[in-house]
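What follows is a walk through one structure, taking its charged contacts and then its nonpolar interior. Please keep the sequence and the model at hand while reading.

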Amino acid sequence: MSTQGHTWARQVKKENEEEDPLDQLISRSGCAASHYAVQECMAQHQDWRHCQPQVQAFRDCMSEQQARRREELQRRKEQGSAHH
């Protein structure tokens, strides 16, 4: 039995296929381009150590997105408590 490594190439979505929730999350985050850059690098090099700049850019993008989301949730919470 042969074992294969990860397939890092971006999969093309079939018309009747639902989009993966993780892909939806990444698309909504605004970080899809950096995510795809990591995938492309991994497909090319097959070694995450060669893709550290892309990984760091994706990590930074997601951290910024999470910070913006926290700020928005906090703002909504404060507005909601001000109305009560």
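A salt bridge is counted here when a side-chain nitrogen of Lys or Arg lies within 4 Å of a carboxyl oxygen of Asp or Glu. By that rule the side chains of E72 and R75 form a salt bridge, with 2.5 Å from N to O. The model is a predicted one, and it holds three salt bridges.

The contact between E72 and R75 sits inside one helix. Both residues belong to helix α3 and are three residues apart, about one turn of the helix. E72 has a second partner: it also makes a salt bridge with R76, where the closest N and O atoms are 2.9 Å apart. E72 and R76 are four residues apart in helix α3, so about one helical turn separates them. Taken together, E72, R75 and R76 are linked in a network of salt bridges.

How accessible are the residues of this network? E72 is partly exposed, because its relative accessibility is 26% and the partly exposed class runs between the buried limit of 20% and the exposed limit of 50%. R75 falls in the partly exposed class at 39%, and R76 is partly exposed at 48%.

The remaining contact to visit involves D47 and R49. These two residues form a salt bridge whose closest N and O atoms are 2.8 Å apart. Is D47 buried or exposed? D47 has a relative accessible area of 15%, so it counts as buried, since buried means under 20%. Its partner R49 has a relative accessibility of 58% and therefore counts as exposed, the limit for that class being over 50%.

From the charged contacts, the path leads to the nonpolar interior. In soluble globular proteins, nonpolar side chains tend to be buried together. In this model the largest nonpolar core has 12 residues: I26, C31, A32, Y36, V38, C41, M42, C51, V55, F58, C61 and M62. Two helices, α2 (32-45) and α3 (52-82), each supply at least two residues of this core. Which helix gives the most to the core? That helix is α2, with five residues.

Helix α3 thus appears in both parts of this account: E72 and R75 lie in it, and it supplies at least two residues of the core.

Conventions. Residues numbered from 1 in each chain as written. Predicted model: local features only at pLDDT ≥ 70, side-chain atom pairs only at ≥ 80, totals over all residues. Heavy atoms only, no water. Core = buried A, V, L, I, M, F, W, Y, C linked by side-chain atoms within 4.5 Å. Buried < 20%, exposed > 50% of the residue type's maximum accessible area, 1.4 Å probe, protein only.
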